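I opened this notebook to keep track of what I looked up, entry by entry. Salt bridges come up, then helix packing, then a few threonines.

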Amino acid sequence: MVSKKGVTTYYCNYKTPFDRHRTDDKRAKYIRIAKFFLLGAATQKDLAKAYGISVSTVHRIVKSYQDNGEEGFYEPRRTRGRVVLDAETRMKAIKILAQGHSFSAVAKALGIPESTFDENRRAGAISA
């Protein structure tokens, strides 16, 4: 049985609590979901219904737990990272901006995605 009281989620066997975590701790919840399934305490369908998530999400959670263990839920997510424009491209961008063109027009003129241009602008690599 799963119950929520305040900011804490409790797991009980009959009326005796045996585990808990902060309700907003998604990683802790995923670990419990994987363990319930792998211990045979619930089916993926039952877990999906109990937690209000899809069966495919439960499947991904279980697979991640099997492949990486609990630590896998706490590893930083892999991202592509910011694409840093070279000095020549940054100078061209500044000149085009000085002429009064929009950000999207500058990105198009440079042949780069608007998101790349915006990331560099927000990081301070390009100033108007």
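**Entry 1: salt bridges**

I began with Lys-92, which forms a salt bridge with Glu-88, the closest N and O atoms being 3.5 Å apart. I note for everything that follows that this is a predicted model. Both residues belong to helix H4 (residues 87-98), and because they are four residues apart there, about one helical turn separates Lys-92 from Glu-88. I then looked up the accessibility of each partner: Lys-92 is partly exposed, with a relative accessible area of 43%, while Glu-88 has 55% and counts as exposed, since the cut-off for exposed is over 50%.

How many salt bridges does the count come to by this rule? I found seven, and I followed up two others besides the pair in H4.

The side chains of Arg-22 and Asp-24 meet in a salt bridge, with 3.2 Å from N to O. Here Arg-22 is partly exposed at a relative accessible area of 47%, whereas Asp-24 is exposed at 59%.

Arg-121 and Asp-118 also meet through their side chains in a salt bridge, with 2.5 Å from N to O. I checked their spacing in helix H6 and found them three residues apart, so that about one helical turn lies between Arg-121 and Asp-118. Arg-121 is partly exposed, with a relative accessible area of 27%, and Asp-118 is likewise partly exposed, with 24%. Following this pair further, I found Asp-118, Arg-121 and Arg-122 linked in a network of salt bridges.

**Entry 2: helix H5 against helix H6**

Having met Arg-121 in a salt bridge with Asp-118, I turned to the packing of its helix. Two packed helices are described by the angle between their axes and the distance between the axes, and I looked up both. The axes of helix H5 (residues 103-110) and helix H6 (residues 114-122) come within 9 Å and cross at roughly 115°. That angle makes H5 roughly perpendicular to H6, because the range for that label runs from 65 to 115 degrees. The crossing in which H5 passes H6 is right-handed.

Which residues of H5 and H6 make the contact? On the side of H5 I listed Phe-103, Ser-104, Val-106 and Ala-107, and on the side of H6 Glu-114, Phe-117 and Arg-121. Sorted by class, the contact of H5 with H6 has four nonpolar, one polar and two charged residues. Arg-121 therefore appears in my notes twice, as a partly exposed residue at 27% and as part of the contact with H5.

**Entry 3: helix H2 against helix H3**

I repeated the lookup for helix H2 (residues 44-51) and helix H3 (residues 55-68), whose axes come within 8 Å and cross at roughly 110°. H2 and H3 are therefore roughly perpendicular to each other, and their crossing is right-handed. The contact is made by Gln-44, Lys-45, Leu-47 and Ala-48 from H2, together with Val-55, Val-58, His-59 and Val-62 from H3. By class, I recorded five nonpolar, two polar and one charged residues in the contact of H2 with H3.

**Entry 4: three threonines**

Is Thr-116 buried or exposed? I placed Thr-116 in helix H6, and with a relative accessible area of 11% Thr-116 is buried, because buried means under 20%. Not counting residues up to four places away in sequence, Thr-116 touches Val-83 and Leu-85.

Thr-8 lies in strand S2 (residues 8-13) and is buried as well, with a relative accessible area of 16%. Leaving aside neighbours within four places in sequence, I found Thr-8 in contact with Ser-3, Arg-20, His-21, Arg-22 and Thr-23. Among these is Arg-22, the residue whose side chain meets that of Asp-24 in a salt bridge.

Last, I looked at Thr-57, which is found in helix H3 and counts as buried at 18% relative accessibility. From C-alpha to C-alpha, Thr-57 and Thr-23 are 18 Å apart in space, and 34 residues separate them in sequence.

Conventions
Residues numbered from 1 in each chain as written. Predicted model: local features only at pLDDT ≥ 70, side-chain atom pairs only at ≥ 80, totals over all residues. Heavy atoms only, no water. Axes fitted to C-alpha atoms, helices over the stretch in contact; angles between N-to-C directions. Helix = DSSP H or I, 4+ residues; strand = E, 2+ residues; numbered from the N terminus. Parallel < 35°, antiparallel > 145°, perpendicular 65-115°, else oblique. Left-handed = near helix turned anticlockwise from the far one by under 90°. Contact = heavy atoms within 4.5 Å. Nonpolar A, V, L, I, M, F, W, Y, C, P; charged D, E, K, R; others polar. Buried < 20%, exposed > 50% of the residue type's maximum accessible area, 1.4 Å probe, protein only. Salt bridge = Lys/Arg side-chain N within 4 Å of Asp/Glu carboxyl O.
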